[in-house]
Amino acid sequence: MSDWRLDAVPDQSGRTILVTGTTVGGLGHHTALELARRGARVILAGRTESKIAETDEAIHGEVPDAELERLTVDVSDLASVRRAAGDAAAFARSTYSSTTPASWARPTPAPPTVSSSSSRPTTSARSC
Ligand SMILES: NC(=O)c1ccc[n+]([C@@H]2O[C@H](COP(=O)([O-])OP(=O)(O)OC[C@H]3O[C@@H](n4cnc5c(N)ncnc54)[C@H](OP(=O)(O)O)[C@@H]3O)[C@@H](O)[C@H]2O)c1
């Protein structure tokens, strides 16, 4: 993928994307930043609340109108993952998840549709 360029990432408006490992300076931070810059609502997921807050502030410093949520999860603890999955369901009916930039660099399908007859929120997670 030697000819890949950051400006090839399309507009992400209308999408909610969960990004793990968002500690400032890491891949997750930069993934979240670029998604927020393109209009995505980004769920900042990590195991250390203070680090998530630091990333939230750093992204808002660059993208003042960024729509960010915070989610605490330790992915080495299944109970924590289950709880976080429940919390994430409250954020959006449909959530994409990203652990590497590769998952959002490719052309993405149209957002999934959700039946309007359902009164309960449902969550579908997509991860690449
Ligand atoms: N940087 C590169 O150029 C590069 C290249 C190829 C592959 N990679 C791989 O990509 C991954 C991320 O790299 P990075 O540079 O972004 O590393 P990083 O800055 O150290 O980020 C790792 C993230 O994972 C989080 N984390 C670790 N254990 C966790 C757990 N049990 N539950 C929840 N979150 C956890 C860390 O949270 P805390 O800060 O709270 O510990 C941190 O936010 C690594 O596996 C690395 O080997 C990196």
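## Strand 2 and its surroundings

Let's start with one residue: setting aside the neighbours within four places in sequence, Ile43 is in contact with Thr16, Leu18, Val19, Glu69, Leu71, Ala88 and Phe91. Please keep in mind that this is a predicted model.

Where does Ile43 sit? Ile43 is listed among the residues with the most contacts inside the largest nonpolar core, along with Val19, Ala32, Val42, Leu44, Ala45 and Leu71. That core has 18 residues. Two or more residues of the core come from each of strand 1 (16-20), helix 1 (27-37), strand 2 (41-46), helix 2 (49-62) and helix 3 (78-89).

Now to strand 2 itself. Six of its six residues are buried, while for the protein as a whole 27% of the 128 residues count as buried. In a regular strand the side chains alternate between the two faces of the sheet. Both faces of strand 2 are covered: Arg41, Ile43 and Ala45 lie on one side, and Val42, Leu44 and Gly46 lie on the other.

Which strands pair with strand 2, and in what sense? The table sets out the two pairings.

| Strand pair | Sense | Bridges | A residue and its partner |
|---|---|---|---|
| Strand 1 and strand 2 | parallel | five bridges | Ile17 opposite Val42 |
| Strand 2 and strand 3 (residues 67-72) | parallel | six bridges | Ile43 with Glu69 |

The connections between these strands are worth following in the structure above. From strand 1 the chain passes through helix 1 to reach strand 2, and this β-α-β crossover is right-handed. Strand 2, helix 2 and strand 3 also form a β-α-β unit that is right-handed. Glu69, the bridge partner of Ile43 in strand 3, appears in the contact list of Ile43 too.

Stepping back to the whole chain, the protein has four helices and five strands. Read from the N terminus, the elements follow the order β-α-β-α-β-α-β-α-β. Among the contacts with a separation of 6 or more, 65% join residues 24 or more positions apart.

Finally, there is the ligand. Which residues come nearest to the ligand? Out of the 15 residues around the ligand, these are Gly21, Thr23, Gly26, Leu27 and Thr48. By character, the shell holds three nonpolar, nine polar and three charged residues.

How values were computed: Residues numbered from 1 in each chain as written. Predicted model: local features only at pLDDT ≥ 70, side-chain atom pairs only at ≥ 80, totals over all residues. Core = buried A, V, L, I, M, F, W, Y, C linked by C-beta atoms within 7 Å. Buried ≥ 20, exposed ≤ 12 C-beta atoms within 10 Å, placed from the backbone. Contact = placed C-beta atoms within 7 Å. Pairing = 2+ DSSP bridges. Right-handed = clockwise from strand over helix to strand, strands pointing away. Near = placed C-beta within 6 Å. Nonpolar A, V, L, I, M, F, W, Y, C, P; charged D, E, K, R; others polar.
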